[in-house]
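Visitor: Hey, can you walk me through this one? I'm new to reading structures.

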Amino acid sequence: MGKENEIKNKILAIVTSIPLLLGIFLNLPLAVTIAILVVFVPISTYYVGLVLMARAKNKEDEEKRKKITFTGY
Amino acid sequence: MYYPVNFNLIYILLEIITAFIFGGLLLGLHRKVMARIQGRPGPPIVQHLLHTFKFYIKELSIPNTSSMPLYVAIVLAMDAVWILALIVGPILGGSFLIIIMCYAVHKVAEHGIGLASGSPYTKLGSTRAVLSATAEMPLIAVPALVFFKTDTLLLDGIINYQIVNGSLFTQLPLVALAMFVLVLSKTPYSPFGIVWGKDIVSGYKTEHFGVIRGVMMMGEILAFFALLWCFITIFFGGIITAPLAYMVAMTGITVILAFICALTPMVAPYHAVMIQWIFAILAVVNVLLI
């Protein structure tokens, strides 16, 4: 994944998390709350996942990743 | 019924996270019990959750043959559907019909996930998703029969009916059995789980790895939790009310499901349809006899 893509994913992760943060701090009506959760939880989860994946590509995190995978289970 | 006008987002979000963690542990327990029955040590109970988190730091691969927007969007839609079901069901005690609708849309999502990647295995999985939709007769029979009995499809109303008239499980045991088969068909390694059969590698999930698989597993965990919650609420709603009682009941049902999954081979697709229709017809007979 290119550097541009990583920056784009970081921006999208922040942008899609903003409605959730707003919903926490503002007292929104129920319909708006449900709409925010249903639309933005999956999308922000996806973009946060992409950012985490890009971070896990450096050597140190790669080691951690291997530890999670091969714990002898 | 009364819906609070200003419902706190953080409260709902915490409920969703709780459902995700507990649902993940239940699926871990399911695997553990299955393994013990089959004479294997099995993975730790937290393994299903670890597995989900692990996929979040694994590289995402999107096949060249896939339809990229659909490949990602349909998985997000599956998550969205079950988040809606959780809000409508356990959190608001709203309409059972919306949860049934979520279940139906889940089938559409399975079909879409299968078609999006372009792999022949996932396409077979998606074809089976359509075929298994014809098996979901209990999906229509259960809400209809519960409505004839209780005159409401609001979950709060169904709970109130059971507080006054006793558990629906004792009044409509065969309808409960039909709903149980519905829950069973959504359980991993189920005899009715033809959409992710190992004969077609992993069915519609064959090509999904990395972040997108993590998101998909999150949706499946929420789906398992929501369906177990619905089953307990609709048939034991008057007896089981406290959160701890719900947790114990969900654990008990998961163990029963694990026994069935461990001891039953996956049935052929046409047999899956036939068997589920038989349970739906039994449910109708139950209501006619009463």
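Guide: Sure, let's start with Ile87(B), which is buried, with 22 other C-beta atoms within 10 Å. Buried means 20 or more such neighbours, exposed means 12 or fewer, and partly exposed is in between, with C-beta atoms placed from the backbone. This is a predicted model: local features need pLDDT of at least 70, side-chain atom pairs count only at pLDDT 80 or more, and totals for chains, interfaces and linings use all residues. Residues are numbered from 1 along each chain as its sequence is written, while chains are lettered from A and ligands numbered from 1 in the order in which they are written.

Visitor: Where does Ile87(B) lie?

Guide: In helix α3 of chain B, residues 68-91. Helices here are DSSP runs (H or I, at least four residues), numbered from the N terminus.

Visitor: And what does Ile87(B) touch?

Guide: Leaving aside residues up to four places away in sequence, Ile87(B) touches Ile34(A), Leu37(A), Ile12(B) and Leu92(B). Touching, or contact, means C-beta atoms, placed from the backbone, within 7 Å.

Visitor: Cool, so on to the two chains. How many residues does each put into the contact?

Guide: Chain A gives 26 residues and chain B gives 31. On the chain A side, the largest share, 16 residues, comes from α2(A). By class, that side of chain A has 19 nonpolar, 6 polar and 1 charged residues. Nonpolar covers Ala, Val, Leu, Ile, Met, Phe, Trp, Tyr, Cys and Pro; charged covers Asp, Glu, Lys and Arg; the others, Gly among them, are polar.

Visitor: New topic: which residues of α12(B) are buried?

Guide: Ala272(B), Val273(B), Gln276(B), Phe279(B), Ala280(B) and Ala283(B). Seen down the axis of α12(B), they fall within an arc of 130 degrees (taken from the directions from the helix axis to the C-beta atoms), so they line one face of the helix.

Visitor: What covers them?

Guide: The cover includes α5, α6 and α9 of chain B. The face turned away from the buried side carries exposed residues, including Tyr270(B) and Met274(B).

Visitor: How does α9(B) pack with α10(B)?

Guide: At an angle of about 175 degrees, with axes 10 Å apart. Axes are lines fitted to C-alpha atoms, for helices over the stretch in contact, and angles run from 0 to 180 degrees between N-to-C directions. The two helices are therefore roughly antiparallel, a label for angles over 145 degrees.

Visitor: What classes of residue make that contact?

Guide: The contact of α9(B) with α10(B) has 9 nonpolar residues, no polar and no charged.

Definitions and conventions
Two residues are in contact if their C-beta atoms, placed from the backbone, lie within 7 Å. Angles under 35 degrees count as roughly parallel, over 145 as roughly antiparallel, 65 to 115 as roughly perpendicular and the rest as oblique.
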